[in-house]
Amino acid sequence: MEEILQSLSRFLPEAALTVGLLLVLVVDASGVRGGRIDIEVDTVDWAGSLLADGTVGDGGVVRVQAAASITTMASSIIRADGTQAGGEVSLQAVKTEALISGTVSARGLTTGGEITLTAPQTETHGAVLDASGAFGGGRVRVGGGYQGGGDVPQAKRTYVDLYTRIRADAEVK
């Protein structure tokens, strides 16, 4: 836990609260052209916010890579929205599982961004995954690339519950 807080310390404008292995904090790297948050850990249980919004331009980048597992709680917000194009959010667990709840957003006012969730076992439970834009939708990948293609690691098992909402819409027709 101490290692995680040390690696995040440069982003912490607010106090961090740790409860066991659960991280409840706000990391806000938003800026004019979107910020960047890179987190590499063994295992993370996340209930806070990771924000890399672009206040005048494109959304930023949020990348969380866990050697073992990632769990996001229903209260979590992971966002790389932009006032132009949406940004990029990537949540990857290498060894075991990614259990995703809460909101993951890469929305843009012009075009949507990209959301990638992958692990050997990838699950969403009541998650909102939104890569929409007014004039062009983005891309959401859960468990790997389209029909197993591309350079995204493929899940052995992917589960999306009926309460999960996945959007990559162009909202203006």
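Biologist: Before we start, what does buried mean here?

Modeller: Buried means under 20% relative accessible area, and partly exposed sits between that and the exposed cut-off of over 50%. Arg141, at 13% relative accessibility, therefore counts as buried. Keep in mind that this is a predicted model.

Biologist: OK, what does Arg141 form a salt bridge with?

Modeller: Its partner is Glu114, with the closest N and O atoms 2.7 Å apart. Arg141 lies in strand β14 (residues 139-142) and Glu114 in strand β11, so the pair ties together parts that are 27 residues apart in sequence.

Biologist: And Glu114, buried or exposed?

Modeller: In between: Glu114 has 22% relative accessibility, which counts as partly exposed.

Biologist: How many salt bridges are there?

Modeller: The count comes to twelve. One of them joins the side chains of Asp130 and Arg107, at 3.1 Å from N to O.

Biologist: Where do Asp130 and Arg107 lie?

Modeller: Asp130 is in strand β13 (residues 128-130), while Arg107 is in the loop between β10 (103-105) and β11 (114-118). The two are 23 residues apart in sequence, so the salt bridge ties separate parts together. Asp130 is buried, with a relative accessible area of 8%, whereas Arg107 is partly exposed at 25%.

Biologist: Which other arginine forms a salt bridge with Asp130?

Modeller: Arg167 does, with the closest N and O atoms 3.4 Å apart. That pair links distant parts of the chain as well: Arg167 is in strand β16 (residues 165-167), 37 residues from Asp130. Arg167 is partly exposed, with a relative accessible area of 30%.

Biologist: Which residues end up in one network through shared partners?

Modeller: Arg107, Asp130, Arg167, Asp169 and Glu171 are joined that way by their salt bridges.

Biologist: Switching to Asp161. Where is Asp161 found?

Modeller: In the loop between β15 (157-160) and β16. Asp161 is buried yet has no salt bridge.

Biologist: Huh. How far away is the nearest side chain of opposite charge?

Modeller: That would be Arg165, 6.9 Å away. The cut-off for a salt bridge is within 4 Å, so Arg165 does not make one with Asp161.

Biologist: Which backbone nitrogens lie 3.1 Å from a polar atom of the Asp161 side chain?

Modeller: The backbone nitrogen of Gly126 lies at that distance, and so does the backbone nitrogen of Tyr163. Leaving aside neighbours within four places in sequence, Asp161 is in contact with Thr124, His125 and Gly126.

Biologist: Thr124 is in a strand, right? What stands opposite Thr124?

Modeller: Ile100 stands opposite Thr124, which is in β12. Strand β12 (residues 121-124) and β9 run parallel, joined by four bridges.

Biologist: And β9 on to β6: in what sense do they pair, parallel or antiparallel?

Modeller: Parallel, over three bridges, with β6 covering residues 61-72 and β9 covering residues 97-100. There, Thr72 stands opposite Ile100.

Biologist: Last one: Ala74. Buried or exposed?

Modeller: Exposed, at 67% relative accessibility. Ala74 is found in the loop between β6 and β7 (77-79).

Biologist: What does Ala74 touch?

Modeller: Ser101 and Gly102, not counting residues up to four places away in sequence. Gly126 comes up again here: Ala74 and Gly126 are 52 residues apart in sequence and 7.5 Å apart in space, C-alpha to C-alpha.

Note on methods: Residues are numbered from 1 along each chain as its sequence is written. This is a predicted model: local features need pLDDT of at least 70, side-chain atom pairs count only at pLDDT 80 or more; totals for chains, interfaces and linings use all residues. Side-chain values use heavy atoms; hydrogens and water are left out. Buried means under 20% relative accessible area, exposed over 50%, partly exposed in between (1.4 Å probe, protein chains only). Two strands pair if DSSP finds at least two bridges between them. Lys and Arg count as positive and Asp and Glu as negative; His and the chain ends are not counted. A polar contact is a pair of N or O atoms within 3.5 Å; within protein, one must be able to donate a hydrogen and the other to accept it, and residues adjacent in sequence count only if both atoms are side-chain atoms. Contact means heavy atoms within 4.5 Å.
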